[in-house]
Amino acid sequence: MQEGGYFLAGIGSRRSLRPTRELVTVAVSTLVLILLCALLAPSALTYGALSGSLPFAAILAIVGLGQMLVVQQGGFDLSVPGGVSLAVVIASHYPAGDDALLPTAVALALVCALVAGLVNGVLIGILRLNAIIATIGMNALLYAGVFAVSGGVPRITTQLLASIAGGEIFGIGHSVLFAVALLAVVWFVMKHTVAGRRFEAIGANPLASRAIGLPVKQHQVMAYVLAQVLYCCAGLLIAGITTQPTAFQGDSLLLPSVAVVVLGGTSLLGGRGFPVSTVIAAFFLTLLSQFALSVGLPYSAQTIIQALALGFGIAVYSLRWTALKTLFTSSREVKG
Amino acid sequence: MAKDMQEQDAEVVARLSGISKSFASVAALTDVDVTFRAGEVHAILGENGAGKSTLMNIICGVLRPDAGTIEIGGQSLNHLTPATAVAAGIAISYQHPAILDDLSVIENLKVALPSAVFDDDPRGVAQGILQSVGLEIPLDLRCDTLTVAQKQLLEIGKTLALKPRLLILDEPTASLDQDSTDLLFARIREVTAAGTGVIYITHRLAEIRQIAQHVTVLRDGKVRGGGRVDAVSNEDLLRLIVGRTLESTFPPKITEPGAPILVVHNLTGRGFRNVSFEAGRGEIIGIAGVQGNGQTQLARALAGLQPFEGDIRIGTEAFPQSRLLDQTAYMPADRHAEGLAGDLTIRENAALSALDRFASMGIMNRTREMEHVGRTFASLAVKAPSIEAAVSSLSGGNQQKVVMARALLAEPRMIIADEPTQGVDVGARAEIYRILREVSASGTPVVVNSSDAVELQGLCDKVLVLSRGRVVEALTGEEVREDRIVSAAVSAATHDDHAMGGQGVARVKRSGWRHLAQLDNAPAVPLLGVIVLLAVFGYSQNPHFLSPLNLSNILLLATALGFVALGQTVPLMLGAIDLSVGPLMGLGVMIASFFILDESSAGTIVLGFVLILAMAVVIGLVNGFLIRFANFTAIAATLAMFIGLQGVAFLFRDAPGGYITYPVTEVITMKLGPVPVAFLVLVALAFLSEYMLRGTRSGIRLRALGSSAESARRIGVNTDRVFIGGYVISALFAALGSVMLMAQIGVGDPAQGANYTLASITAVVLGGTSLKGGRGTFLGSVLGALLLTEVLSLVTFLGLSQTYQYVFQGTLILAAALIYSAARGRAAD
């Protein structure tokens with residue numbers, strides 16, 4: 001049709017289903033890790049070890065999905081611990097062992113999450129506060145809620161919640177199924193709905209999105225609301241899985257939540273989000289700890305390995321390899 | 001021989017011979033010969049893209065020519081570097097001034113000029129510089145309150161202060177009013193009389209007559225002619241400027257315009273005034289003018305991106321701003337910034353404005369999307385390896401076609417194209433013109449803003465020429481010719497009449513209150529007030545709150561946090577962040593728990609402290625290098641460091657152990673009355689840091705970098721070194737914090753310290769440092785740390801539950817952030 005070059009052919013082709021570079025990177029890394037486990041630490045891959053660690057991978061995955069939504073919009077959410085912990089204490093304290101009160105508790109937790117997310121969103125998306133500051137403040141307020149509800153004392157979770165969150169179907173923990181279901185929802189909404197497609201575009205370039213008249217602020221607010229809802233889901237699962245959850249259950253999730261987002265390939269500067277990669281990264285990080293544990297490394301080494309994996313992951317995505325290559329192969333030219 | 005040469009060419013400041021330069025095989029300059037002489041104003045004239053800025057960049061060493069020689073002061077050189085150009089006495093004042101908004105006037109001068117300029121009386125010299133360009137503004141005024149014109153004058157003042165041998169002025173009067181222009185011309189006459197050579201770049205013929213003795217006209221990168229100004233007529237100059245070749249074909253224009261379809265009446269907004277025009281069905285409207293005369297703003301207003309007063313009607317319907325934004329399609333000049341989402345695929349970009357049409361009940365229908373996008377792409381002849389390729393992988397022309405596809409898919413009521421063919425290859429240009437013509441013929445109004453008069457001549461049926469925001473000429477039909485457009489644009493002699501957003505006022509009265517409230521250290525006063533009030537309140541509830549014991553406890557706790565907060569202030573001022581400070585403190589204590597024990601010798605103890613500092617330096621360096629050279633974001637780099645350091649701490653000990661020797665602890669917590677000496681040290685360091693920040697060059701450089709990395713680089717700040725240095729300082733302060741922490745907990749506990757990361761950020765924010773970078777206060781950070789500690793102590797003292805502790809913390813930081821952002825007036829941008 002046109003001279004030279006390649007005219008855009010095969011319009012109907014489904015090439016969008018081709019995996020992205022980010023997905024390939026994290027999937028290959030995970031496969032390599034599984035291989036390493038099989039060779040060096042087979043005990044990490046036993047049913048017992050996996051069924052012990054997978055629920056935590058699932059929870060990390062859900063929290064990571066929430067953090068990803070915020071990071072995609074160029075934000076950063078430090079209110080993860082507060083959000084998770086509040087859901088945990090509401091679900092374990094309010095019913096106080098009474099299964100009948102559980103639905104109310106869940107509804108209450110969700111309402112709290114919506115309010116917290118909305119406040120975050122308004123502070124950041126509309127009042128233009130820095131995301132770090134606003135979510136530090138929100139985190140403190142959420143913890144105030146945690147102590148108001150629990151007084152800092154752990155309480156045993158209800159039977160019903162324990163069976164919902166901790167049960168198994170065909171040997172797969174419910175929490176894993178929940179994580180997969182939430183991933184499916186996030187993925188579908190993001191990739192196949194009008195709102196999701198706009199959401200991605202706004203994260204990738206808010207200025208361009210505004211120039212074509214998209215409601216940029218509303219979508220940014222939504223990111224924080226949905227993130228809190230996901231943290232809340234994670235908190236409810238924790239409340240069910242852990243027999244006696246503490247008030248600080250969410251603290252240990254903050255840094256890993258950022259780590260899995262970064263390892264999943266989502267840029268901290270905002271842009272496209274990678275839900276599937278994020279979830280695989282959560283599995284990767286959990287398996288990495290398991291691996292380190294199985295080969296007998298102390299806790300310290302596990303942490304250092306995680307830091308290195310994170311650094312390596314960032315390097316893979318953020319180094320401009322091509323720019324680096326030209327830097328070494330030819331002298332640079334300054335363009336005016 | 002050399003002496004002969006010099007005497008013969010005494011009046012030549014710079015001579016360029018046979019200069020050629022091309023970018024990616026496109027010639028920007030071809031075989032240019034120019035001679036600039038001392039004591040003479042030499043005007044360079046030419047349209048946008050004629051090669052003027054490339055030539056200037058070669059003269060000041062930013063670009064290296066492909067061929068030709070430069071002769072400066074009799075010495076022949078192949079090329080210059082920015083440093084050698086400065087050493088040779090070449091100074092340039094850019095059209096877009098490198099003035100840093102967050103710095104005061106005098107600080108802007110200090111950071112940009114060599115210290116030798118200031119002798120022993122910096123304020124006197126600075127005052128003199130301001131006077132030289134007729135600026136009557138307070139030296140301590142922050143530059144974000146200056147108008148564009150004032151910044152331009154300040155920039156020129158900076159350049160003049162260098163007393164250059166060759167002074168380059170790039171469209172210096174673009175934003176100046178008549179008075180300032182006259183003053184500037186007087187100054188130019190003075191410096192030329194003193195023997196300086198001046199290169200004056202302009203678009204205005206009238207100015208050349210006023211100020212220049214010599215003129216050279218560039219077109220398509222070649223010297224087209226020139227000579228002594230009094231020997232050439234305006235008509236001659238115009239003939240030299242126009243006649244650009246544009247290798248492109250244009251679709252035929254319409255012969256018979258239809259009924260008016262777009263009516264714009266009395267449009268006024270930021271940058272333009274009283275613009276009225278009509279477009280008949282099938283007519284393409286062009287907006288022309290010398291760059292920066294309101295064309296872009298007019299285009300943006302038409303697209304609903306900028307507020308305006310007046311009427312816009314399309315067909316019979318009125319279009320207020322929100323409706324324009326919604327229903328018109330805007331093709332931005334800067335495709336990367338405002339046009340495309342480079343991360344997303346071609347399909348996603350193109351479909352973005354029409355998603356609703358490809359969806360049922362909010363769920364995308366892939367087949368429909370593919371069909372529409374594919375059909376539009378085919379009609380635009382977009383060339384791409386795949387519809388799913390990243391849009392950033394396309395050539396400029398094809399990227400622009402994706403923007404067009406998106407515009408067409410939206411089925412807009414009007415298309416506004418801002419520089420539609422910038423960075424577009426010849427082949428794609430013709431297609432873009434064809435499509436715009438087709439759109440226009442189908443009854444959708446098309447408005448094109450272009451700095452290329454040839455393009456407007458070929459494409460448009462009606463062209464509005466703007467000067468200083470007003471329409472100075474409306475050309476239709478046969479009148480739409482390059483020479484008419486250029487002539488109208490460059491001959492307009494109107495000067496800024498203060499109507500455009502109050503620009504051009506050279507004076508600012510100091511309004512005392514507002515000035516004080518805007519100082520970086522202003523938050524210290526209310527903070528101190530809150531701290532005292534809380535103390536009084538605590539005392540009224542329980543007198544023991546202010547007992548010497550509790551007082552010294554609060555101060556001691558605040559000292560540890562205060563040190564980290566001082567450190568954290570630096571990265572935040574750079575517009576970055578350091579998350580690794582908390583674990584760094586923990587690691588410091590860990591080191592102490594091996595070296596500073598009861599059984600340690602004095603030497604070992606000293607070694608322990610040295611090791612702590614050394615560790616801090618290394619961590620700061622690694623953070624800085626990761627961010628500057630490995631392209632990590634600040635959050636990512638310091639987060640990885642955070643996790644890593646925690647791991648290292650557990651590597652040393654996995655449980656608390658190693659008791660810090662008591663004598664050392666005693667020294668660290670030594671008191672003077674109820675006040676710990678360490679707290680006094682903290683306050684002293686805060687004052688010292690304040691002094692360094694505002695009084696020394698490095699401090700001003702640091703703030704310059706945080707304010708605008710681009711401008712800082714242009715005025716010669718070594719950005720990498722300053723940035724990495726900032727991270728080292730942050731780490732060193734955290735090391736001091738770890739000294740306090742070791743006395744507090746007395747034992748090596750690997751789990752300690754991490755909390756200080758968020759606490760330090762909280763303290764700094766309470767103190768009033770902006771996370772946007774450029775502004776900060778060390779005193780505020782210390783007070784923030786004090787306030788935070790005081791609140792925690794108060795909660796315990798009042799017997800309140802932990803709930804209140806968190807409520808206070810959360811409310812404090814949110815309230816502070818909201819108040820500060822409102823006070824800075826940046827809240828709603």
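**Figure 1. Val295(A), a partly exposed residue in a loop.** With a relative accessibility of 37%, Val295(A) counts as partly exposed, in a model that is predicted. The residue sits in the loop that runs between helix 12 (275-294) and helix 13 (299-318) of chain A. Look around Val295(A) and you will find a nonpolar patch on the surface, which this valine forms with Val24(A), Val28(A), Val32(A), Leu36(A), Leu39(A), Leu40(A) and Leu297(A). Together these residues offer about 660 Å² of accessible area.

**Figure 2. Chain A as the setting for the close-ups.** Let us step back for a moment. Chain A has 14 helices and two strands. Of its 336 residues, 54% count as buried. The accessible surface of the chain comes to about 14000 Å², and 71% of that belongs to carbon and sulfur atoms. Among contacts in chain A with a separation of 6 or more, 76% are between residues 24 or more positions apart.

**Figure 3. Helix 7 of chain A, end to end.** How far apart are the end C-alpha atoms of helix 7 (residues 174-192)? They are 26 Å apart, which agrees with the 27 Å that 19 residues should span at 1.5 Å a residue. The buried residues of this helix include His174(A), Ser175(A) and Val176(A) at its start. Further along come Ala179(A), Leu182(A), Leu183(A), Val186(A) and Met190(A), followed by Lys191(A) and His192(A), which are buried too. Keep an eye on Lys191(A): this lysine returns in the salt-bridge network of Figure 5.

**Figure 4. Arg272(A) and Glu200(A), a salt bridge within chain A.** Side chains of opposite charge can pair when their charged atoms come close. Here, Arg272(A) forms a salt bridge with Glu200(A), with the closest N and O atoms 3.7 Å apart. Arg272(A) lies in the loop between helix 11 (254-263) and helix 12 of chain A, while Glu200(A) belongs to helix 8 (residues 194-204), so the pair ties together parts that are 72 residues apart in sequence. Are the two partners buried or exposed? Arg272(A) counts as buried at 12% relative accessibility, and Glu200(A) counts as buried at 1%.

**Figure 5. Arg272(A) and Glu348(B), a salt bridge across two chains.** The same arginine, Arg272(A), also forms a salt bridge with Glu348(B), and here the closest N and O atoms are 2.5 Å apart. Glu348(B) lies in helix 13 (residues 346-351) of chain B and Arg272(A) in a loop of chain A, so the pair joins two chains. Both residues are buried. Widen the view and a network of salt bridges appears, linking Lys191(A), Glu200(A), Arg272(A) and Glu348(B). Over all chains, the structure holds 30 salt bridges.

**Figure 6. An open sheet in chain B.** Four strands make up this open sheet, in the order 12-11-14-15 and with antiparallel pairing. Strand 12 (272-280) and strand 15 (317-318) are its edges, each pairing on one side only. Strand 15 pairs with strand 14 (residues 308-314) in the antiparallel sense over two bridges. In this view, Arg313(B) stands opposite Ala318(B) of strand 15.

**Figure 7. Glu317(B) and Arg323(B), a salt bridge within chain B.** Our last stop is the salt bridge that Glu317(B) forms with Arg323(B), whose closest N and O atoms are 2.5 Å apart. Glu317(B) is partly exposed, with a relative accessible area of 30%. Arg323(B) also counts as partly exposed, at 22% relative accessibility.

Definitions and conventions: Residues are numbered from 1 along each chain as its sequence is written. Chains are lettered from A and ligands numbered from 1 in the order in which they are written. This is a predicted model: local features need pLDDT of at least 70, side-chain atom pairs count only at pLDDT 80 or more; totals for chains, interfaces and linings use all residues. Side-chain values use heavy atoms; hydrogens and water are left out. Patches are made of residues with over 30% relative accessible area and no salt bridge: like charges are joined within 9 Å, nonpolar side chains (Val, Leu, Ile, Met, Phe, Trp, Tyr) within 5 Å. Accessible areas come from the Shrake-Rupley method with a 1.4 Å probe; for residues, only the protein chains shown count as cover. A salt bridge is a side-chain nitrogen of Lys or Arg within 4 Å of a carboxyl oxygen of Asp or Glu. Buried means under 20% relative accessible area, exposed over 50%, partly exposed in between (1.4 Å probe, protein chains only). The expected span of a helix is 1.5 Å times one less than its number of residues. Contact means heavy atoms within 4.5 Å. Two strands pair if DSSP finds at least two bridges between them.
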